[in-house]
Amino acid sequence: MRTAPRTVATLGFVTIGIVALGGCSLLRGPEPVPVPTRSDASESASPKPTPTPDESSAEALLEASAHPRTPTPEPTEAAAPAPTLSRIAAGTVVAEGNVASPLGSVHFHFRMVSDGDDTFSAQYSGFTSTLPVPVSVSLFEKPRAVGDGLTYRGVGDHQLGGATAAPGSSATVPLDGSGVDPSGLTTLVTYSSAGPDAAVPIELGPGKVLAVTTVRWSVPARTTNVRPVDSGTRANAAGKVTATTASGTPKSYVVAPDDLIGDVAARFGISVRALVWLNEGVQVFGDDQYLYEGTTLNLDPLAR
């Protein structure tokens, strides 16, 4: 077993236009970057030579990763259709509701709408508050409770205003980070965004939750031509499926040692191009372009 140095840094973005085949592979380098591995039985019988800077130095690995080779596509890969996911028309309302804090100090209306390009925005209107602190909102996947203190901000974090805000004020906020399916963001949290030195009661202190509202989404069904089906482990595609969708299709896959992109794509019955499309930001490693052991690959078009 031979491993590459552990000093490999985060590498450049590989666009969907790059096609890797057969013995090629791609990776998405998490922090810290896992170590790619490759088996070589011949090496176990003889001492390992001292690597030269040109062969395995961090600089050489970075250079190889940043400038991947682009093999000539095989007929089956070249003929594969471009991966697609149907879009939701711009302006489509996918969630709507009203917010009122328990004591009636804060009121506003919200609508979540499609922007028409696989992104979404939150529209807030009719905001009023009698509190002496600024009031903000964020969307979260996990529930919160009134009186909790937020330790981090959620998706679409935005300050709506405070006691000095004009009655009925409104705002439109991009939901950056919601992905192509925002329905997992089921909790809208209204909280105090008072400064750390604000002289206010503890229940109005920085990050204190003022109201919790459940968001009920009605996202239209999407169609896609990328439908992964797990045909089981095989050579160079021996990792594990770690999550499945509600319908039972594979959702995520953890890379095993010696995994290659062509074999992983073939295991799930999709093209290499589709696997790259599912994993925006993946990168390649060296001439052999192995996947990084331990990397989690997305297989769900709705989780892109």
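**Close-up views of a predicted model**

A search of the whole structure, which is a predicted model, turns up 4 aromatic pairs.

**View 1. F108, Y124 and F127 form a cluster linked by ring pairs.**
Start with F108 and Y124, whose rings make an edge-to-face pair, with 5.8 Å from centre to centre and 80 degrees between the planes. F108 sits in strand β5 and Y124 in strand β6, so this pair ties together parts that are 16 residues apart in sequence. Are these two residues, F108 and Y124, buried or exposed? Both F108 and Y124 are buried. Now turn to F108 and F127: their pair is tilted, at 6.2 Å centre to centre and 45 degrees between the planes. F127 lies in strand β6 while F108 is in strand β5, so here the parts tied together are 19 residues apart in sequence. F108 and F127 are both buried too.

**View 2. D118 and R222 meet in a salt bridge.**
How many salt bridges does the structure hold? There are 2. In the one shown here, the closest N and O atoms of D118 and R222 are 2.5 Å apart. The pair links distant parts of the chain: D118 belongs to the loop between β5 (106–114) and β6 (120–129), and R222 to the loop between β11 (209–214) and β12 (240–244), 104 residues apart. D118 has a relative accessible area of 18%, so it counts as buried, the cut-off being under 20%. R222 is buried as well, at 15% relative accessibility.

**View 3. D230 and R267 also join in a salt bridge.**
Here the N to O distance is 2.8 Å. D230 is in the loop between β11 and β12, and R267 is in helix α5 (residues 261–267), so the salt bridge ties together parts 37 residues apart in sequence. Look at how much of each partner is accessible. D230 is partly exposed, with a relative accessible area of 34%, whereas R267 is buried, at just 3%.

**View 4. Strand β7 (residues 135–140) is largely enclosed by the rest of the structure.**
Why can we call β7 largely enclosed? Because 6 of its 6 residues are buried. Both faces of the strand are covered: V135, V137 and L139 are buried on one side, and S136, S138 and F140 are buried on the other. What about the strands that β7 pairs with? One of them is β10 (residues 187–192), which pairs with β7 in the antiparallel sense over 6 bridges. In β10, Y191 stands opposite S136. β7 also pairs with strand β8 (residues 155–161), again in the antiparallel sense, over 4 bridges. Here you'll find V137 opposite H158 of β8.

**View 5. The charged end of R144 sits over the ring of F140.**
How far is this charged end from the centre of the F140 ring? The distance is 4.4 Å. You've met F140 already: it's one of the buried residues of β7, on the side that also holds S136 and S138.

**View 6. T244 is part of strand β12.**
Which residues does T244 touch, if you skip those up to four places away in sequence? They are T249, P250 and K251. You can look for L299 in this view as well: T244 and L299 are 55 residues apart along the chain, and their C-alpha atoms are separated by 9.1 Å.

Technical notes:
Residues numbered from 1 in each chain as written. Predicted model: local features only at pLDDT ≥ 70, side-chain atom pairs only at ≥ 80, totals over all residues. Heavy atoms only, no water. Salt bridge = Lys/Arg side-chain N within 4 Å of Asp/Glu carboxyl O. Helix = DSSP H or I, 4+ residues; strand = E, 2+ residues; numbered from the N terminus. Buried < 20%, exposed > 50% of the residue type's maximum accessible area, 1.4 Å probe, protein only. Pairing = 2+ DSSP bridges. Contact = heavy atoms within 4.5 Å. Phe/Tyr/Trp six-rings, centres within 6.5 Å; stacked < 30°, edge-to-face > 60°. Lys NZ or Arg CZ within 6 Å of the ring centre and 35° of its normal.
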